[in-house]
Structure formats: structure tokens, C-alpha cells
Amino acid sequence: MLAHLRDEYPHNPDWQALWLKAHMDHGRNQVSAGRRAVANHRFDTAVETFAAAVAAFDAAVSVFDRHPTAGLERMEAEALYAVASFAAQGERDSAAGRWEASRREWDAARARLTQAREVRQRDFGEMVAVVDTMLAEVRGTVSDLERARLLLFEGRQALDERDAGRARECFRNALNHAEKSPDGLREQAASGLREAEAAQREAKKLAAQAGHAADVAERLALLRNAYERWTGAPGVVNQL
């Protein structure tokens, strides 16, 4: 109806006042709703409400281009829309195990939220709390996965060096850090751990057999076999 009045009576101040109030009120209500949605982790809903806010402020500015706050409120709503969009994508990336991508989205959300706060010096504390919490969690996961990959590499290196004890510790720690791995890190760490533990068991078995061997040559052969499997097997080096 207001759009019809604008077309029919473009210079009538009566509909202009109604137009301004209707769209400014709607825009502000949508911004408030979007903030609540972000606080409740309903990021897709926040995207829709902030988009509606931008459209409402656009409508107000289209008639009152010199309104003292409509333009700034539109800029603020547009920045909040970007925050919600980045947050929604970050959440989807996390759910799919795309942790690096998720971190980039949450970093972008944090940067845009800082911009939104600077438009009219408003705090948006409830949104800051959510974005900072999610960003910290994702960064922690990315750090854990990087550590898991390093430990996995060190574990394989230790196996190559026949240091089953160090390999076992590396693989065990890798398992702890790879809890949210999307790319098989846990399976690789678990496989390496089984291999290291098997080498330790076999070395201990051979060392025990050497302890009961009556023949010196047989005992030395058993000890060498134990050493080949685990260079740090208890007591093996001292008996060679």
C-alpha cells in the first residue's frame, strides 16, 4: 500500500512519514532478531533477518536519502549480514570436517563484526561472545590436527629407526590430538600404534627366550633379532 501511495503521490508528506517509520522500525526489529539468532547459534536464520534489515533500510534511504541514521544503520546491517553469512558457512565447514576452511570463515566473521561495531560504536557483545568462542574452538581443532600430523610423521620415523618405544608414544599422542580428524589420521595413528606395540611384544619375547638359551650363539642370535625389532628393548643392548 505504501509503495502504491509513493507512486501515486510522490510528494505527499503523509505517506512519506509512514514510509519512514514502517521501514526504519522493521529494519531495527530485524537487526534485533538477527542478533538473537546469532546468540542462539541459528546462523542461517540470522542471514535472512539481517538481509531483511538491509532491504528495509534501503527502502528508507530511497525516499529519505539525507536521513541522519538510515544510511549508517544500513551499513551496520550489511556488515552483520556478512558476519552471519561467514558464521553459517563456518558451521557447515566444521560439520563436514573442513577445519581449515571453517577457521577462515570464522576469522572473516570476526573481522566483519569489528567493522560492524565501528559503524555506530555499538558493542554487539552477545555476537562477539559467540564468534570468539567458535573461532577459538576451531583454531584449537586446527592446532590439534597439525600436532597429530607431526606426531604421526615422528612415529613413522621412529619405526624406521626401530625405536618402537618412541613410536608408541608418538602414535598414542597422535590419537589424542586427532579426535576430530576428517582424513583418516586416527586410523593411521591407530595402525602405527599397533605396529609399535607388536614390535615391543616381539622384542620382549625374543629377549626372554635369549635369557633361557643354553647355547651362546643361539642367545646372541635371539638378542640381535630382538634389537632389530626394538633398539630400546630393556636389557638387550647390555647383553649383546
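**View 1. Glu161 and Arg166 form a salt bridge.** The closest N and O atoms of Glu161 and Arg166 are 2.8 Å apart. This is a predicted model. Glu161 counts as partly exposed, at 45% relative accessibility. Arg166 is also partly exposed, at 33%. Arg166 has another partner, Asp163. In that salt bridge the closest N and O atoms lie 3.4 Å apart. Asp163 is partly exposed too, with a relative accessible area of 24%. Elsewhere, Glu100, Arg103, Asp107 and Arg139 are joined into one network by salt bridges that share partners.

**View 2. A salt bridge joins Arg92 and Asp44.** Side chains of opposite charge can pair when their charged atoms come close. Here the closest N and O atoms are 3.1 Å apart. Asp44 belongs to helix α3 and Arg92 to helix α4, so the pair ties together parts that are 48 residues apart in sequence. Arg92 counts as partly exposed, at 40% relative accessibility. Asp44 has a relative accessible area of 44%, so Asp44 is partly exposed as well. A search of the whole structure finds 21 salt bridges, this pair among them.

**View 3. Phe43 and Trp106 make an aromatic pair.** The structure holds 1 aromatic pair. Its geometry is edge-to-face. The ring centres are 5.6 Å apart, and the planes meet at 75°. Phe43 sits in helix α3 and Trp106 in helix α5. The two residues are 63 residues apart, and the pair links distant parts of the chain. Both Phe43 and Trp106 are buried.

**View 4. The largest nonpolar core has 49 residues.** Phe50, Leu80, Trp106, Leu113 and Met127 have the most contacts inside this core. Seven helices are named here as giving two or more residues to the core: α2 (13-39), α3 (43-63), α4, α5 (99-120), α6 (125-160), α7 and α8. The biggest share comes from α6, with 13 residues. Which residues does Met127 contact, leaving aside its neighbours within four places in sequence? They are Arg35, Val38, Phe50, Leu80, Val83 and Leu113. A second, separate core has 11 residues. Among them are Ala199, Ala210, Leu223 and Ala226.

**View 5. Helix α4 runs from residue 70 to residue 95.** This helix has 26 residues. At 1.5 Å a residue, α4 should span 38 Å. Its end C-alpha atoms are 37 Å apart, which agrees. Gly97 comes just after α4 and takes a positive phi of about 80°.

**View 6. Helix α8 has 28 residues.** From first C-alpha to last, α8 reaches 41 Å. That is close to the 40 Å expected at 1.5 Å a residue. Which residues of α8 are buried? They are Leu185, Ala189, Gly192, Leu193, Ala196, Ala199, Gln200, Ala203, Leu206, Ala207 and Ala210. Ala199 and Ala210 also belong to the second core, the one with 11 residues.

**View 7. Ser181 lies in the loop between α7 and α8.** Helix α7 covers residues 164-177, and helix α8 covers 185-212. Is Ser181 buried or exposed? Buried means under 20% relative accessible area. Ser181 has 18% relative accessibility, so Ser181 counts as buried. The side chain of Ser181 makes a polar contact with the side chain of Asp183, at 2.6 Å. A polar atom of the Ser181 side chain also lies 3.2 Å from the backbone nitrogen of Leu185. Not counting residues up to four places away in sequence, Ser181 touches Leu145 and Arg186.

**View 8. His41 and Gln121 have positive phi values.** Most residues other than glycine have a negative phi, and most peptide bonds are trans. His41 is not a glycine, yet its phi is positive, about 65°. His41 is found in the loop between α2 and α3. At 34% relative accessibility, His41 counts as partly exposed. Gln121 is not a glycine either, and its phi is about 60°. Gln121 is found in the loop between α5 and α6. Its relative accessible area is 67%, so Gln121 is exposed.

Definitions and conventions: Residues are numbered from 1 along each chain as its sequence is written. This is a predicted model: local features need pLDDT of at least 70, side-chain atom pairs count only at pLDDT 80 or more; totals for chains, interfaces and linings use all residues. Side-chain values use heavy atoms; hydrogens and water are left out. Helices (H or I, at least four residues) and strands (E, at least two) are DSSP runs, numbered from the N terminus. Buried means under 20% relative accessible area, exposed over 50%, partly exposed in between (1.4 Å probe, protein chains only). A polar contact is a pair of N or O atoms within 3.5 Å; within protein, one must be able to donate a hydrogen and the other to accept it, and residues adjacent in sequence count only if both atoms are side-chain atoms. Contact means heavy atoms within 4.5 Å. The expected span of a helix is 1.5 Å times one less than its number of residues. A nonpolar core is a set of buried Ala, Val, Leu, Ile, Met, Phe, Trp, Tyr and Cys residues joined through side-chain atoms within 4.5 Å. Rings of Phe, Tyr and Trp (its six-membered ring) pair if their centres lie within 6.5 Å; planes under 30 degrees apart count as stacked, over 60 as edge-to-face and the rest as tilted. A salt bridge is a side-chain nitrogen of Lys or Arg within 4 Å of a carboxyl oxygen of Asp or Glu.
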